[in-house]
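Good morning, and thank you for coming. I would like to take you through a structure that may be new to you, one region at a time. Please have the view in front of you as I speak.

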Amino acid sequence: MLRARWALGLLLALPSPRAAPAADTLELADLIAEALADSPQLRAARAAHEAAALRPRQERALPNPILSPSYVRGGGLPSGLALEPESSNHLGAMISQELPIAGKRQLHGEIAASETAVVLQEYEATRLAVIARVKQAYHRLQHAEAAIELIVRERDRLRRLRRSSDAPYFLGQSAQDAQVNHLDLRVLELGRERQRLVEELNLLRARSFDAPLPSPPPLGAPPPPPALAELSERALRSAPALRTAHQRVERERLDVELARKQFWPDPTLSFGYHRLHASPDIFELRADFAIPLQRRDREQAHLSERSAALEEARFRAAALELELLWEVRALHRQAQVAVEQKATYADRIIPESRKALNAYLAGYEGGVVDFMAVQESFMSTLEYQLSYLDQALSACLALDRLEELTGLELQAQDGS
């Protein structure tokens, strides 16, 4: 039993899955700064907003005037542009300008400004989405590395314990071997997940997929979420998707107002000058109006179309508001439950499981229980520690998404 006593001393106090950070660590704040500076998606959204900001000025401008030079000759082919005596030839030019009335130019500018505001909110949504995606990949990477470290450490400890056992064969040994070998598969799966997350972070930073990254600090304890009422109120006020929907409602409202003004045709003013041989010069001032003969099929139909689009935009905004409130509630519940369950694992389940494992080891040393019971207790303790990490990750991911929806910073950017 000497080897069993050695094994018992080895396992009396299982360490926490949290390890001390290395000197060279991957900092979340640095990743976010690089992603915001170099993300192709964010650069595209920024360029789209810069382009949209130039549209209001264009829409408020008058249409280009039209210059119409003319030459009229009565009888025969012209030998030139000279005005011959006693002919009906004349030279002339006319310039025309369409003049939108009833504030249409101002409305066109306001519509373009509203579209610019939509693009601005889309840029803000892209910015928050990039930050949230970096944070989620970072926290998943922390979880994967912590789980790999925990499984490898406990797997090696279990194998040393098995080698120290006095019993060369025990009931259910094949099943127990399968449990230990399955840990190797979990390490491989977590290793592939870690590589995928490194590639995702390099993608978000516009780096080569194979660019190496140092390990992040250990996955810390996420804070409890703020009150639901505070999160809901902030999301309704700040969520870019909802603000975009409200801007679309405003744009459709302006479209309806413009459609009403389209019942009034815009005049085109023209000024002309004509020169005839042996006759006084002629000056012409003219106004042209389109006759709305197709009012029902054109203007009225267009107004009905824009009114229906306005109703659609309002309903979509209302639906999005309900979806947003529902998602905030679900994420708040997820974070709250995860924080509570993580505390339960840390304060009750894992300590009790360790006590049970130590009791089984003492029973195995005294010959009361077989080694299969010891390994089952060991595996249960390992699963509880992995569940602790899972709950920490679940809380972090919920808070990351809440930050994207509300614009609040609910977690520190030091990775803890």
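**A nonpolar patch on the surface**

Let me begin on the outside, where Leu-67, Ile-95, Phe-271, Tyr-273, Phe-283 and Leu-285 form a nonpolar patch with about 670 Å² of accessible area together. Please keep in mind throughout that this is a predicted model.

Which strands each supply at least two residues of the nonpolar patch? They are strand S3, residues 268-276, and strand S4, residues 282-288. Leu-285 belongs to strand S4. Is Leu-285 buried or exposed? Its relative accessibility is 73%, and exposed means over 50%, so Leu-285 counts as exposed.

**The chain as a whole**

Let me now step back to the overall layout. The chain contains 10 helices and four strands. Read from the N terminus, the order of elements is α-α-α-α-β-β-α-α-α-α-β-β-α-α. The chain has 416 residues, of which 39% count as buried.

**Two helices side by side**

I turn next to a pair of helices. Helix H5 covers residues 104-164 and helix H10 covers residues 371-406; the two pack with their axes 9 Å apart, at an angle of about 170 degrees. Angles over 145 degrees count as roughly antiparallel, and H5 is therefore roughly antiparallel to H10. What kinds of residues make up the contact of H5 with H10? There are 19 nonpolar residues, five polar and nine charged.

Within helix H10, I would point out Met-379. Its relative accessible area is 9%, and because buried means under 20%, Met-379 is buried. Met-379 and Leu-158 are 221 residues apart along the chain, yet their C-alpha atoms are separated by 9.1 Å.

A second pair of this kind involves Arg-333, which is located in helix H9, residues 296-365. From C-alpha to C-alpha, Arg-333 and Pro-225 are 8.9 Å apart in space, with their positions 108 residues apart in sequence. Arg-333 has a relative accessibility of 47% and so counts as partly exposed.

**Salt bridges**

We come now to the charged side chains. As a general point, side chains of opposite charge can pair when their charged atoms come close. How many salt bridges does the structure hold? The number is 33. I have chosen three of them to show you.

In one, the side chains of Glu-34 and Arg-207 meet at 3.9 Å, N to O. This pair connects distant parts of the chain, 173 residues apart: Glu-34 sits in helix H2, residues 28-38, and Arg-207 in the loop between helix H6, residues 173-204, and helix H7, residues 228-238. Glu-34 is partly exposed, at a relative accessible area of 25%, and Arg-207 is partly exposed too, at 32%.

In another, Glu-145 and Arg-194 form a salt bridge through their side chains, at 2.4 Å, N to O. Here again distant parts of the chain are linked: Glu-145 is in helix H5 and Arg-194 in helix H6, 49 residues apart. Is Glu-145 buried or exposed? With a relative accessible area of 15%, under the 20% limit, Glu-145 is buried. Arg-194, at 21% relative accessibility, counts as partly exposed.

The remaining example brings together the side chains of Asp-288 and Arg-286, at 3.3 Å, N to O. Asp-288 has a relative accessibility of 31% and counts as partly exposed; Arg-286, at 35%, also counts as partly exposed. Elsewhere, Glu-115, Arg-251, Glu-252, Asp-255, Glu-305 and Arg-306 are joined into one network by salt bridges that share partners.

**A residue in the loop between H6 and H7**

I shall finish with a detail of the backbone. Ala-206 is not a glycine, yet it has a positive phi of about 60 degrees. Where does Ala-206 lie? It lies in the loop between H6 and H7, the loop that also holds Arg-207 of the salt bridge with Glu-34. At 42% relative accessibility, Ala-206 falls between the 20% and 50% limits, and so counts as partly exposed.

That concludes the tour, and I thank you for your attention.

Key: Residues are numbered from 1 along each chain as its sequence is written. This is a predicted model: local features need pLDDT of at least 70, side-chain atom pairs count only at pLDDT 80 or more; totals for chains, interfaces and linings use all residues. Side-chain values use heavy atoms; hydrogens and water are left out. Patches are made of residues with over 30% relative accessible area and no salt bridge: like charges are joined within 9 Å, nonpolar side chains (Val, Leu, Ile, Met, Phe, Trp, Tyr) within 5 Å. Accessible areas come from the Shrake-Rupley method with a 1.4 Å probe; for residues, only the protein chains shown count as cover. A salt bridge is a side-chain nitrogen of Lys or Arg within 4 Å of a carboxyl oxygen of Asp or Glu. Buried means under 20% relative accessible area, exposed over 50%, partly exposed in between (1.4 Å probe, protein chains only). Axes are lines fitted to C-alpha atoms, for helices over the stretch in contact, and angles run from 0 to 180 degrees between N-to-C directions. Angles under 35 degrees count as roughly parallel, over 145 as roughly antiparallel, 65 to 115 as roughly perpendicular and the rest as oblique. Ala, Val, Leu, Ile, Met, Phe, Trp, Tyr, Cys and Pro count as nonpolar, Asp, Glu, Lys and Arg as charged, and the others, Gly among them, as polar.
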